[in-house]
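Q: Could you take me through the strand pairing in this model? I would like a close look at how the strands are ordered, which ones sit at the edges, and which residues face each other.

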Amino acid sequence: MSIKHLFSLASILTIGASGAHAQSVNIDVSAAGLPVPASTYGGGAAQPGVWNQASVGVSTPCLDLAGAASGVSIDLSLVPFSFSFNNAGTTGDDELLMDDCADVQVPTSFAITGLADGKYTVITYAWAPDNATYLTNVGIAGSVDPVQSVGGAWPGAQTLGVTYASHHVDVVGGSPVVVDLTSGGPGFYTLNGVQVVAESGLGTPFCYGDGTMDAGAGPVDCPCSNNTPVGDNQGCKHSLGWGATLTPGGSASFVADDLTFTIGLAIPNQTALLVQGSTIIATPFKDGILCMGNPTERVEVITLDAQGNATTTGSIVNNGNVPGPGTTFYYQGWFRNPGGVSPCGTGSNFTHGVEITFI
Ligand SMILES: [Ca+2]
Ligand SMILES: [Ca+2]
């Protein structure tokens, strides 16, 4: 399918999906009354906002990130036990989320209900603070993403595959999201919390590093067989074994000029550059695929945090020389992945792309 067809399809879907807004929520699972992380804490999803405390044995209505009623509940009625353990490595907000949790002893499901129809990413924290050998398998039926095994020694920061699992889900017809927790090995298994991230609907993602990007001359693979799986919706694989993402925030309003971009799942503590192009191309470049053609702009240099995430803070309109409403540009994050470690050895890689039409 050509990229133009994809955009047409996206426009049709956007029109069809108008109505209830998709919700994002942060949930700390613990015994009742225990403190939750500060609202400045973004966790593995890089999503700051109000954290809800959810107890085992009951269904808990959740506030949204701004503290208003969301209509979303987490139903932990099938999860009977909770416990706390002061892991020596965790401190601060990580500790508040991870050191108190549900003690899951048999295969158990819990449900997230009340989500408006739309696309979401569900982050499930399933890390045992008391024993690095305890592994929890996390699966969501209907997700394109597989069952993921979570556990290990505290890695110093929230880490995909060690402290949490990540699943893309489509909510259709108000169906609940059912998360299945099963044993990943010997010992008990664990649920520390959940983050539900609504895909913004702002902009149109394109140019995934999964072999499907086609700018008109046929599909393009990543440069050294470092494609990511179809459905992961990431750039080409970097040295950590997955691809990076680019997520717009704020709005596409030229006048408000509050558009931001968050680079996610990239390389911790490295430098990244938000780049803007004017046309769609598909050229294997460095360890990734360059998807934006001339004229291009270097919009903003940002430094990735300890989780490999960072958000722009400057004016996209000014830094990108955006001339006015009605203009369309294409964006990618270009980040360092030090040479000799990166899959193709070039020392840098790209997120997938995002198309923005300013209004
Ligand atoms: Ca601790
Ligand atoms: Ca917790």
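A: Happy to. In this predicted model, strands 5, 6 and 13 make up an open sheet of 3 strands, in the order 5-6-13 and with antiparallel pairing. The edges are taken by strand 5 (81–84) and strand 13 (189–191); each has a single partner strand, so one side of each is left without a neighbour in the sheet. From one strand to the next, the twist averages 45°.

To zoom in on one pair here, look at strand 5 and strand 6, the latter covering residues 100–104. These two run antiparallel and are joined over 4 bridges. If you would like a spot to find on screen, go to Ser-82, which stands opposite Ala-102 in strand 6.

Now for the other open sheet, which has 6 strands in the order 3-4-7-12-9-10, again with antiparallel pairing. Its edges are strand 3 (59–63) and strand 10 (148–150), and because each of them has a single partner strand, one side of each is left without a neighbour in the sheet. The twist in this sheet averages 25° from one strand to the next.

At the strand 10 edge, the partner is strand 9, residues 136–140, and the two pair in the antiparallel sense over 3 bridges. A handy place to look in this pair is Asn-137, with Ser-149 of strand 10 standing opposite.

Methods
Residues are numbered from 1 along each chain as its sequence is written. Chains are lettered from A and ligands numbered from 1 in the order in which they are written. This is a predicted model: local features need pLDDT of at least 70, side-chain atom pairs count only at pLDDT 80 or more; totals for chains, interfaces and linings use all residues. Two strands pair if DSSP finds at least two bridges between them. Axes are lines fitted to C-alpha atoms, for helices over the stretch in contact, and angles run from 0 to 180 degrees between N-to-C directions.
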